[in-house]
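Here are some short exercises to work through with the model open beside you. Try each task before you read its solution.

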Amino acid sequence: MPHSLPVQLRATVRFLGRILGDVIRSEDGQAVYDEIEQIRQASVALHRNGPGVGDKAVESRLSALSLPDAVRFAHSFACFLQITNIAEDQIQRRRGREAEGRADTLAGAMRSLADAGIDADQVAALLADAVIAPVITAHPSEVRRKSLLDRAGAIMQALEVHDTPDLPARAAHERELVRQIAIIWRTRLLRGVKLGVTDEIENAVSYFERSFLTELPRLYAHWRELTPGVDLPSFLRVGSWVGGDRDGNPFVTAEIMRHAFARQARAALDSHLARINALGAELSISATLARITPELQALADRSPDTSLSRAQEPYRRALTGIYARLAAAYPALTGGTPRPTPFRTPPYTSPEDLKADLQVLQDCLIAQHGEVFAEGALPDLIRAVDCFGFHLSTLDMRQNSAVHARVAAELLKVAGVCPDYEALCEEERCDLLVKELSHGRLLHSPYATYSEETAKEHAVLQAAAEAVRLYGPEAIKAYIVSNTTSVSDLLEVYLLLKEVGLFKPDDPSSTRIFAEPLFETIADLRDAPETMTRYLALPLVRRLLAATGRQEVMIGYSDSNKDGSYLTSTWTLHQTSTALVEATKAAGLSLQLFHGRGGTVGRGGGSSFDALLAQPVGTVNGHIRITEQGEVVANKYADPQLARQSLETLTAGVVLASLRQRDVSARAAHAEIMDKLSDASFRAYRALVYETRGFADYFFAATPIAEIADLNIGSRPTSRQATRTVEGLRAIPWVFSWSQARVMLPGWYGFGSAVEAAGLAPEQLQDLHQTWPFFSTTLANMEMVLAKADIAIAQRYAGLVEDRALAEAIFGQIRAEMERTTTALLTITGQSSLLEKNPDLAAIIRSRLPYIDPLNHLQIELIRRRRSGDDTPEVREGIHLAINGVAAGLRNSG
């Protein structure tokens with residue numbers, strides 16, 4: 001029987017930790033090793049024995065460190081936590097290979113559905129029309145450098161083959177582990193310069209090159225075995241925001257968008273060309289020994305390859321021609337040059353043409369040699385072309401509605417249409433926009449002078465039009481409107497698309513880039529169904545959506561949480577999702593939800609699989625997109641095997657959420673209880689965050705928000721405005737800061753007060769927890785967050801606040817609410833301690849705390865030193881290393 005995950009993790013971490021210790025001893029000497037080891041042992045003893053004398057021992061040892069020693073200590077513990085993550089990922093990788101048939105695989109989901117009378121044909125029918133898309137964003141909370149991700153991959157590969165009975169081989173693998181860990185020990189964990197958007201593009205593309213380009217076709221091949229006789233379409237694809245998301249990021253320009261597409265195309269075409277070249281080496285079948293179809297003969301005859309040595313090898317001749325045509329398309333698509341080919345041929349103008357030629361080879365192989373050729377390198381290449389085309393990843397555009405309004409106002413004013421568009425009421429705006437969208441006259445003039453903002457936005461739209469012409473309609477499909485509050489916010493997008501030929505007044509149904517609202521605040525989410533009802537009632541919009549019959553709506557987890565508490569955000573999103581289904585159904589359309597989830601619970605994080613199963617009935621139906629942000633992208637997709645597991649888990653969750661039968665008879669009763677809890681949570685949260693005098697000052701002093709702003713982890717500014725307000729702060733640094741300070745406030749605050757204020761019998765909430773996946777998932781996420789929080793460490797961060805009366809008052813409220821929330825959770829779940837019923841997770845978290853806590857203590861001391869005036873590079877490096885280590889230890893921290 002395999003050991004539990006904590007047992008396996010402990011053994012692997014000890015093994016890698018021993019190697020790290022040997023490296024430190026070898027390279028830095030016994031004295032340095034002893035100093036680090038003494039602090040480690042003291043911290044482990046503290047967690048084993050509880051607070052007391054050991055607490056002061058750890059603090060005194062840390063306080064006694066010189067600044068260079070403190071920096072080295074922060075580096076060592078951060079390295080150890082990175083190694084812990086590698087060990088955990090490796091074990092998950094191994095367990096994932098053994099998990100075929102588990103509920104979070106497609107095979108397991110199909111088996112579960114079959115037990116309920118839902119057969120494979122119904123699953124295939126769902127997937128035939130499905131859209132499942134994780135979307136990579138550049139939102140910054142990933143503190144690891146790509147160099148460390150590369151080393152992690154190398155260590156996992158060495159661990160994969162280390163447990164061999166061959167002792168010489170095992171020794172060789174251990175030497176490789178020593179080499180890789182030695183490299184990590186001498187690698188700077190922090191980036192020396194701030195990331196630019198081009199760096200973020202490179203990082204995003206690296207996940208495709210590392211994982212998606214190979215693993216997605218293999219996953220489809222595996223699924224084909226589960227649905228024999230069914231030709232599954234490419235329903236699962238990976239999207240991206242990197243290079244198209246301009247909301248609050250002034251560095252995303254037209255040139256950046258062009259660069260993003262060129263870089264993506266280079267990755268896609270390099271992969272396709274390498275596979276075609278490999279197939280040419282493999283398919284040596286001779287026409288003298290095998291029959292071929294007329295279609296393959298014609299394709300071979302069109303090839304420029306006239307070599308006598310390949311005269312009787314039609315597959316190779318055809319592939320030579322295919323390679324040459326794709327190589328001919330390479331310069332225009334990528335701006336670079338491929339590996340030289342001696343042949344001049346007309347380029348492919350679309351991935352569909354490339355796929356059609358490859359299909360000719362595939363059809364011939366199956367017709368002449370049987371179904372054994374239905375799997376392998378060629379069908380995988382065809383699937384890759386289908387999934388990735390020439391553009392690699394569909395790029396969403398995103399901008400704030402306020403920017404669109406200003407740009408539209410200027411265009412209308414300069415064109416003499418309307419002197420002050422922004423002064424119009426909503427009805428007048430809509431009437432004007434519909435009128436402008438009914439004819440072909442353009443507003444933008446090359447002879448007029450526009451503001452920098454309008455000129456920049458118009459240039460980006462021109463770049464988008466170029467991308468669609470060059471890479472095809474899959475290049476860009478969604479234009480997301482942040483802060484959507486009205487119908488005009490969406491119509492303005494079509495006005496701007498019209499200016500570059502992406503919306504045609506005489507044929508609205510030919511539009512392929514659609515305006516999609518992003519509802520973010522609690523108020524906007526509650527108003528969303530009415531907003532969409534008015535929007536979808538417009539005849540123009542009906543014609544726009546006629547071809548697809550579907551409207552996508554994005555719902556934001558992060559800002560709704562920051563606006564109104566975790567519980568209120570989660571419940572409002574749940575209710576809004578259901579109401580949006582009804583609104584689109586009333587308009588004769590289907591709804592596709594786009595979930596703007598972050599990595600941490602305060603931003604919609606937690607288990608994606610459980611979150612899918614907790615979605616309201618009727619809101620998935622095989623159609624969903626979900627953002628993947630920050631450190632979660634690397635956690636899920638940096639390793640090919642973990643990427644495959646993550647994609648399969650996502651698909652299994654969608655299938656189960658769409659097809660399994662659920663009892664909805666108690667829906668009204670559930671909603672009544674949740675309304676009470678949500679309203680009370682909202683009041684408690686708002687009272688602290690937005691109504692308590694001095695709260696913003698407390699937050700900026702009692703968390704490392706200012707120090708996080710200095711980290712080189714993303715191109716996007718920390719705040720939307722240059723003000724010290726919660727309202728102006730982005731949700732990501734808001735959550736990240738509370739995580740670093742070990743408060744985790746966005747993931748739980750308000751729940752304890754809500755339970756008290758609602759006055760419900762414990763039995764009611766216990767029944768809710770046992771029977772309703774939405775409620776049990778919500779509480780499970782909250783429980784995990786509280787298990788990572790530490791009120792004693794949080795109190796030390798509160799000590800950074802100079803106004804002691806303010807600090808004591810606000811921290812007192814936070815501590816009291818944490819106690820209320822913990823008590824309520826334990827009562828509802830029937831536990832005596834947090835995670836009592838999830839011992840594996842509890843053990844994993846506990847194993848990390850002795851290494852996280854000292855980094856928190858060190859971070860506090862260095863922050864105090866910096867804020868007292870010692871802002872040397874060494875102090876900043878120590879703080880940032882501590883932030884890096886804490887983030888690595890908590891994993892879903894931002």
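**Exercise 1. Find the ring that arginine 686 lies over, and the ring that arginine 25 lies over.**

Solution. This is a predicted model, so the distances here are computed from it.
- Start with arginine 686: it lies over the face of tyrosine 690, at 4.0 Å from the ring centre.
- Then go to arginine 25, which lies over the face of tyrosine 33 at 4.2 Å from the ring centre.

**Exercise 2. Decide whether the rings of tryptophan 223 and phenylalanine 235 are stacked or edge-to-face.**

Solution.
- Take the centres: they are 5.4 Å apart, and rings pair if their centres lie within 6.5 Å.
- Take the planes: they stand at 20° to each other, so the pair is stacked.
- Place the partners: tryptophan 223 sits in helix 9 (residues 197–226), and phenylalanine 235 in the loop between helix 9 and strand 2 (239–240), twelve residues apart.
- Check the surroundings: tryptophan 223 counts as buried because its relative accessibility is 0%. Phenylalanine 235 counts as buried too, at 3%.

This is one of the 24 aromatic pairs that the structure holds.

**Exercise 3. Work out how phenylalanine 699 and phenylalanine 700 are arranged, and which cluster they belong to.**

Solution.
- The two ring centres are 5.4 Å apart, with 80° between the planes.
- Planes over 60 degrees apart count as edge-to-face, and that is the class of this pair.
- Both phenylalanine 699 and phenylalanine 700 are buried.
- Their aromatic cluster is formed by Phe695, Tyr698, Phe699, Phe700, Trp734 and Trp738.

**Exercise 4. Explain why helix 27 (residues 695–702) is described as largely enclosed.**

Solution.
- Count the buried residues: seven of the eight in helix 27 are buried, so the helix is largely enclosed by the rest of the structure.
- Name them: Phe695, Ala696, Tyr698, Phe699, Phe700, Ala701 and Ala702.
- Find what they pack against: helix 26 (667–689), helix 28 (705–709), helix 29 (731–740), helix 33 (791–798), helix 34 (804–829) and helix 35.

**Exercise 5. Describe how helix 2 (residues 30–49) and helix 35 (residues 839–867) cross.**

Solution.
- Begin with the axes, which come within 9 Å and cross at roughly 115°.
- Add the handedness: the crossing is right-handed.
- List the contact: helix 2 contributes Arg40, Ser43, Val44 and His47, while helix 35 contributes Leu849, Pro850, Tyr851, Asp853 and Pro854.
- Sort these residues: five are nonpolar, two polar and two charged.

**Exercise 6. Asparagine 621 and arginine 742 each have a positive phi without being glycine. Is each one buried or partly exposed?**

Solution.
- Asparagine 621 has a phi near 50° and is found in the loop between helix 23 (608–613) and strand 8 (623–628).
- Its relative accessibility is 45%, so asparagine 621 counts as partly exposed.
- Arginine 742 has a phi of about 65°, and its place is in the loop between helix 29 and helix 30 (751–758).
- At 0% relative accessibility, arginine 742 counts as buried.

**Exercise 7. Locate proline 294 and say how far its C-alpha atom is from that of valine 360.**

Solution.
- Proline 294 belongs to helix 11 (residues 294–302).
- Proline 294 counts as exposed because its relative accessibility is 64%.
- Along the chain, proline 294 and valine 360 are 66 residues apart, and their C-alpha atoms are separated by 9.7 Å.

Conventions: Residues numbered from 1 in each chain as written. Predicted model: local features only at pLDDT ≥ 70, side-chain atom pairs only at ≥ 80, totals over all residues. Heavy atoms only, no water. Axes fitted to C-alpha atoms, helices over the stretch in contact; angles between N-to-C directions. Helix = DSSP H or I, 4+ residues; strand = E, 2+ residues; numbered from the N terminus. Left-handed = near helix turned anticlockwise from the far one by under 90°. Contact = heavy atoms within 4.5 Å. Nonpolar A, V, L, I, M, F, W, Y, C, P; charged D, E, K, R; others polar. Phe/Tyr/Trp six-rings, centres within 6.5 Å; stacked < 30°, edge-to-face > 60°. Buried < 20%, exposed > 50% of the residue type's maximum accessible area, 1.4 Å probe, protein only. Lys NZ or Arg CZ within 6 Å of the ring centre and 35° of its normal.
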